[in-house]
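Here is a short tour of one protein chain for the bench. Have the sequence and the 3D view open, and follow along from the inside to the surface.

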Amino acid sequence: MKILANDGISDLGKQLLEEAGFTVITEKVAQEELANAVNEQEIEMILVRSATTVRKEVIDACPNLKLIGRGGVGMDNIDVAYAREKGITVINTPASSSQSVAELVMGHLFAISRGLHDSYKNMETGDFSALKKKYAKGVELRGKTLGIIGFGRIGQSLASYALGCGMNVVAVDRTGNPVNINVPIGNGHEANVSITPSNDLHNVLGQLDYISIHVPKQADGSAVIAAKEFAMMKKGVRIANAARGGVINEDDLLEALASGQVAAIALDVFENEPNPRKDLLNHSAIACTPHIGAATLEAQDRIGEELASLIIGQFAVKN
């Protein structure tokens, strides 16, 4: 059976699949040529990350498609329900990238607390006196309250890191079920903290010094954070979004930054990927990364291994 890993797959994942008898193709196919390539090369499985979309049109045009796999958590780039209605298996790897995304968020929280993202850009001016003054109003993470909106695997992994840094964590999730967070603290030691999420976002926004968002793109396209929510926040709040573009209203965000309601924000995702608006990329209070939450060597190995395991378990090649 032929597998097209159109957005790539780790060497480990490819190796495991090939050892099991699958043919793995990693040459990138342009989105508009995807259906043709699948049919012409007799491909039966497509693996994607965030760059390639597999919509109804592709599904209808590829009658021999048996599986669509997403290396990562969110599957908003796949028409999942429609594919399953057509008898196509759809899989993803929700557990593999949690740590990597959480670490990126922590890096961003440190960066926007000390202006690191902006100071990097301006060091070449060589004007230390002016630069020291400009970046002399940083804040510390320890003792601050972090609100985590969406308390699934990634949110819980972030909570573990934040607690380890001495932050207080408030979680928001529709379930409201208590979660036990394991906090490895090094040298073989660990701590455990129980967190009961609130199911009322508006009720907790005013308590938060930092906010990190970990929810999927909303089915109706609405933003989770817009003007109403910004108005409820503490003045000077700092935010990170490594979830999905569109969960924050970008126009309202720029207004909140201009007023000082939001001191800084880190964005790993944008409404118009892969071409985000320039006023976000050029803003001194916005730290930007190009949707790299899961892009670590360790996470890609875990993702490849998990995809291979799922595929081999369901479609073992018979010799």
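A nonpolar core here is a set of buried Ala, Val, Leu, Ile, Met, Phe, Trp, Tyr and Cys residues joined through side-chain atoms within 4.5 Å. Buried means under 20% relative accessible area, exposed means over 50%, and partly exposed lies in between (1.4 Å probe, protein chains only). This is a predicted model, in which local features need pLDDT of at least 70 and side-chain atom pairs count only at pLDDT 80 or more, while totals for chains, interfaces and linings use all residues. Residues are numbered from 1 along each chain as its sequence is written, and side-chain values use heavy atoms, with hydrogens and water left out.

**The core.** The largest nonpolar core holds 29 residues, and I211, I213, I225, F230, I239 and I248 have the most contacts inside it. Two or more residues each come from β7 (168–172), α9 (201–204), β10 (210–213), β11 (237–241), α11 (250–259) and β12 (262–267). Helix α11 gives the largest share, 4 residues. Helices (H or I, at least four residues) and strands (E, at least two) are DSSP runs, numbered from the N terminus. In soluble globular proteins, nonpolar side chains tend to be buried together.

**The charged surface.** Which residues gather in a patch of negative charge on the surface? They are D11, E103, E298, D301 and E305. Such a patch takes residues with over 30% relative accessible area and no salt bridge, joining like charges within 9 Å. A salt bridge is a side-chain nitrogen of Lys or Arg within 4 Å of a carboxyl oxygen of Asp or Glu. Helix α13 (residues 297–314) supplies the largest share of the patch, 3 residues. E298 sits in this helix, and E305 lies there too. E305 counts as partly exposed because its relative accessibility is 42%. From E305 to R238 it is 67 residues in sequence and 35 Å in space, C-alpha to C-alpha.

**Backbone details in the loops.** Two residues other than glycine have a positive phi, as tabulated here.

| Residue | Phi | Loop | Relative accessibility |
|---|---|---|---|
| E42 | about 55° | between α2 (34–40) and β3 (45–48) | 60%, exposed |
| H291 | near 55° | between β13 (286–288) and α13 | 24%, partly exposed |

One more loop is worth a look. A cis peptide bond with omega of about 5° joins E273 and P274, and P274 is found in the loop between β12 and α12 (278–281).

Terms used. Patches are made of residues with over 30% relative accessible area and no salt bridge: like charges are joined within 9 Å, nonpolar side chains (Val, Leu, Ile, Met, Phe, Trp, Tyr) within 5 Å. Accessible areas come from the Shrake-Rupley method with a 1.4 Å probe; for residues, only the protein chains shown count as cover. Lys and Arg count as positive and Asp and Glu as negative; His and the chain ends are not counted. The place of a charge is taken as NZ of Lys, CZ of Arg, CG of Asp or CD of Glu.
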